[in-house]
Amino acid sequence: MNVIDGAKNVKFCFEYGVFSKERWNTYIEEIYLGARSVIESDAKDYDYAHDILPVLNLVYSESQKLQKLHSSFEKVTHNLEEKIKNTLQTSIDADIVLCLGMCNGAGWATKINGKSVVLLGIEKIIELDWVDEASMTALIYHELGHLWHFQERTLYTHIETPKEKALWQLYSEGVAMYCEQLLMNGEFFHQDKNGWLNWCTENEKKLFSEYLIRVQDGKSVQNFFGDWNSFEGHSDTGYFIGAKLVREATQKYSLKKILNLSFYEIEELLYFCAEK
């Protein structure tokens, strides 16, 4: 597992305190070869002036948060590989890259040039105020959870319909949350800010029921995922019910089976959770 720290020279991307795309181009290619095209492709539909630039410029003005973020990252990644092996009984062949992105997300498990990579977006971490050690730990564990799932899943998965996409999103985020919580030694949610967990817990049945309705109707479930979306004023609620769904699966299946659930089995679990 390789750890690449792009926070050390992040201020190179700013000219007189203002973000420079030209400087960023140089910066990102030096940080991780191939990352630039992946990041730019993902962000191509964003409104650069409205959605990206203000968040990037916040990095320069939030020096204390940047410093705290960097310190948390260094602490979390120290002996990380050993922690993974001891808890999951396996290793994850991946690069962890802390860098300034284009508002792609605080964390993103992907592949670059055929290599499994966790991209950690400095600008989004600062915007979401996930700079403390606990939040950084959980964020990294969550993204590694996706890579662990990809690595250990042997069942062929082909997503064709909106229904399958919605089931897979809930399930895969649930597995990543389960991995995060295994490594955190408890039912921790890095999304828990301003009463988020209390609200989700109080509205658990409603969340499951609404998600099930959308799955069955083939409707979008995007309200449940992403800090820029919300369901009844609360973002990322899909991570909460995803974690609960996988926790429910542990009462019925082995870990190996949990990592290899079919769409039918995921829907069956979702229906059970909605009817509890």
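This talk covers the surroundings of one residue, Glu40, and the packing of two helices, α10 and α13.

The model is predicted, so local features need pLDDT of at least 70 and side-chain atom pairs pLDDT 80 or more, while totals for chains, interfaces and linings use all residues. Residues are numbered from 1 along each chain as its sequence is written, and side-chain values use heavy atoms, without hydrogens and water.

I begin with Glu40. This residue lies in helix α2, residues 35-42; helices here are DSSP runs of H or I, at least four residues, numbered from the N terminus. Glu40 has a relative accessible area of 27% and is therefore partly exposed, a class between buried, under 20%, and exposed, over 50%, with a 1.4 Å probe and protein chains only. Beyond its neighbours within four places in sequence, Glu40 is in contact (heavy atoms within 4.5 Å) with Lys21, Trp24 and Asn25. With Asn104, 64 residues away in sequence, the C-alpha to C-alpha separation is 8.9 Å.

I turn now to the helix pair. The axes of α10, residues 204-217, and α13, residues 263-275, come within 8 Å and cross at roughly 140°. Such axes are lines fitted to C-alpha atoms over the stretch in contact, with angles from 0 to 180 degrees between N-to-C directions. The two helices are therefore oblique to each other, that is, outside the ranges under 35, over 145 and 65 to 115 degrees. On the α10 side, the contact includes Phe208, Tyr211 and Leu212; on the α13 side, Leu270, Tyr271 and Ala274 are among the residues involved.
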